[in-house]
Amino acid sequence: MYEYLDTRFGISGEAMKAKNLSFRVGVRGGYLAFNTFIAALLPFLGDFESLTGAISTFPLTFILANHMYYKAKKNKLSISQKGGLWANIVFFSLMSIAATVAAIRLIAVDSKTYSLFADI
C-alpha cells in the first residue's frame, strides 16, 4: 500500500528529502491511523483476518508451494516423495477448508453481540 501511495502521488528519489519525508510520515501515519480506527470500530476484525488467512494466505503458503514443487520436479521425484507432496497438498487443503468454516462461524457468533468500539 505504501508503494502504491508513493507511486500515485509521484514520490520518488531520496527518502530523506524534506518533501518526501513529510509526505511519507503524514500519509503513512494517516493510513495507519485510519486502519487503527477501523480495527477499533470492528472489535471482531481478527475474525475477518482469520477468514482472509484461511482463504488466501494458508493455501498460498502451504498448498501452492507443494504443488509448484511437484510440478517442477515431477519426473525427478521418487514415488514416496510424490506421495508425501500429495499428502501435504490434501492435508493442507482440508485444513484450509476447516479454517474457512471456523472463521465464518466466528464472524457469525461475534456479530450477534456486535457494538461499535466494544471491548469483547
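**Notes on the aromatic pairs and the helices**

1. A good place to start is the ring contacts: the count comes to 5 aromatic pairs. One of them joins F58 and F62 in a tilted arrangement, with 5.1 Å from centre to centre and 55° between the planes. Please keep in mind as you look that this is a predicted model.

2. Where do F58 and F62 lie? Both belong to helix α3 (residues 45-72), and they are 4 residues apart, about one turn of the helix. F58 has a relative accessible area of 22%, so it is partly exposed. F62 is partly exposed as well, with a relative accessible area of 33%.

3. Next, have a look at Y70 and W86. Their rings form an edge-to-face pair, 5.4 Å centre to centre and with 70° between the planes. Y70 sits in helix α3 and W86 in helix α4 (residues 79-112), so this pair ties together parts that are 16 residues apart in sequence.

4. Are Y70 and W86 buried or exposed? Y70 counts as buried because its relative accessibility is 10%, under the 20% cut-off. W86, at 37% relative accessibility, counts as partly exposed.

5. The F58 and F62 rings also belong to a wider group: together with F91 and F92 they form one aromatic cluster.

6. On the annotation side, an unreviewed UniProt entry gives "transmembrane region" for residues 25-45, 51-72 and 84-108. In the model, residues 51-72 are 100% helix and 0% strand, with their end C-alpha atoms 30 Å apart. Residues 84-108 are likewise 100% helix and 0% strand, and here the end C-alpha atoms are separated by 36 Å.

7. The unreviewed UniProt entry also places "domain: Amino acid transporter transmembrane" at residues 17-104. Over that range the chain is 89% helix and 0% strand, and the end C-alpha atoms lie 46 Å apart.

8. K17 is worth a glance too. This residue is found in the loop between α1 (2-8) and α2 (18-41). Its relative accessibility is 43%, so K17 counts as partly exposed. From K17 to V101 there are 84 residues along the chain, and the two C-alpha atoms are separated by 49 Å.

9. Lastly, the overall layout. The protein chain is divided into domain 1, covering 1-38, and domain 2, covering 43-111. How far apart do the C-alpha centres of domain 1 and domain 2 lie? The distance between these centres is 33 Å.

Note on methods
Residues are numbered from 1 along each chain as its sequence is written. This is a predicted model: local features need pLDDT of at least 70, side-chain atom pairs count only at pLDDT 80 or more; totals for chains, interfaces and linings use all residues. Side-chain values use heavy atoms; hydrogens and water are left out. Domain bounds come from an automatic or database domain assignment. Helices (H or I, at least four residues) and strands (E, at least two) are DSSP runs, numbered from the N terminus. Buried means under 20% relative accessible area, exposed over 50%, partly exposed in between (1.4 Å probe, protein chains only). UniProt positions are given in the numbering used here, feature names are shortened, and annotations may be inferred rather than shown by experiment. Rings of Phe, Tyr and Trp (its six-membered ring) pair if their centres lie within 6.5 Å; planes under 30 degrees apart count as stacked, over 60 as edge-to-face and the rest as tilted.
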